[in-house]
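Got your viewer open? Let's take a short walk through this model, one selection at a time.

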Amino acid sequence: MLLLGTVAVLSLAVGAKPLPLADVWHGLTDPASPDYAVVHRMRLPRTLLGLTAGAALGVAGAAMQALTRNPLADPGLLGINAGASAAVATATLALGITALDQQVWYALLGAALVTVGVHAVAGGRHATPTRLALAGAALNAALYSYVSAIMLLDTTSLERLRFWTVGSLAGARTDTVPHLLPFVLAGLLLALLAARPLGALALGDDSARALGARPGLVRAAVVAAVTLLCGAATAACGPLVFVGLLAPHLVRALTGPDPRRLLPYCAVFAPVLLLTADIAGRVLGRPGELQVGLVTAVLGGPLFLHLVRRGRIARP
């Protein structure tokens, strides 16, 4: 929590106009401060969005890895991020929708449709984690190709979507997090309620039933939680990579594989990763900034390879 608080304060202080900590405090608490507008209208919404989206992606990644028993799983494994992206891109092209309070519904609809589609393609009730992963990977590739085609064929959509598809926190406004919070809280609650039976599910369906868990219900709850978490985060920030993949592996070294401990810690640590990447983008891109999606991709890849070389990537 101390690390999270430190990164959040740095997120408020670092930017095109660096602020000393005293000025950050006055900007937060004193409406007469010359920095009040900068802190409240720009940096505070951005920081809160980073905290919210980071927690959503971290918990979603940990839940997906536990559900599929695949150490390479991330929130995009089942095509959920791609489904949300495709739905938002379609709404932008066909209906001209750009407001977040409308986009989030399309993102959730796209994520839900892809979730149902992946489950059906993977065999419905007889779907296995491996078949779910393969079906999700195929739909993921197809849907991102569709989004790219929309951007290439329609210049208006290209202008509206080019920063969003990279992944950014820069578009955060004062009403961004309030629009996302109900969906993220519902997803977090579902994931945490499923944590105990999800741990039993790692022993196999028969063992899980013997321990009182219902495998079908647990999988449905986790998929619903991931749909809510990824749909909301993607609508606000665009598709962000590596946050949901890396956070569970880094946290698992401290907590072990038990989802009852892993999921809450990921909700705290993943925002640290996302806000650190956002701060790095502001510093490295001066006088402008690098989008956080670029930073997570550029830094996340080498870090993940380092974990692989050090043998830190373990089966959930």
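A handy term before we start: a residue counts as buried when its relative accessible area is under 20%. Keep in mind that this is a predicted model.

Select threonine 296 to begin. You'll find it in helix H14, residues 292-309. Threonine 296 has a relative accessible area of 7%, so it is buried. Its side chain reaches the backbone oxygen of glycine 293 at 3.0 Å. Among the residues threonine 296 touches farther off in sequence are Val241, Phe242, Leu274 and Ala277.

Next stop: charged pairs. The whole structure holds five salt bridges. Pick arginine 46 and aspartate 278, whose closest N and O atoms are 2.9 Å apart. Aspartate 278 sits in helix H13 (residues 259-284) and arginine 46 in helix H3, so this pair ties together parts 232 residues apart in sequence. Aspartate 278 is buried at 1%, and arginine 46 is buried at 10%.

Keep arginine 46 selected and add glutamate 289, another salt-bridge partner, with closest N and O atoms 2.5 Å apart. Glutamate 289 is in the loop between H13 and H14 and is partly exposed, at 32%. Now add Arg282: shared partners join Arg46, Asp278, Arg282 and Glu289 into one network.

Finally, show helix H2 (residues 21-29) with helix H3 (residues 36-68). They pack at about 85°, their axes 7 Å apart, which means H2 is roughly perpendicular to H3. Highlight Val24, Gly27 and Leu28 on H2, then Tyr36, Val39, His40 and Leu44 on H3, to see the contact. Five of these residues are nonpolar, two are polar and none is charged.

Terms used. Residues numbered from 1 in each chain as written. Predicted model: local features only at pLDDT ≥ 70, side-chain atom pairs only at ≥ 80, totals over all residues. Heavy atoms only, no water. Axes fitted to C-alpha atoms, helices over the stretch in contact; angles between N-to-C directions. Helix = DSSP H or I, 4+ residues; strand = E, 2+ residues; numbered from the N terminus. Parallel < 35°, antiparallel > 145°, perpendicular 65-115°, else oblique. Contact = heavy atoms within 4.5 Å. Nonpolar A, V, L, I, M, F, W, Y, C, P; charged D, E, K, R; others polar. Buried < 20%, exposed > 50% of the residue type's maximum accessible area, 1.4 Å probe, protein only. Polar contact = N/O pair within 3.5 Å; in protein donor to acceptor, adjacent residues only side chain to side chain. Salt bridge = Lys/Arg side-chain N within 4 Å of Asp/Glu carboxyl O. Lists of a residue's contacts leave out its neighbours within four places in sequence.
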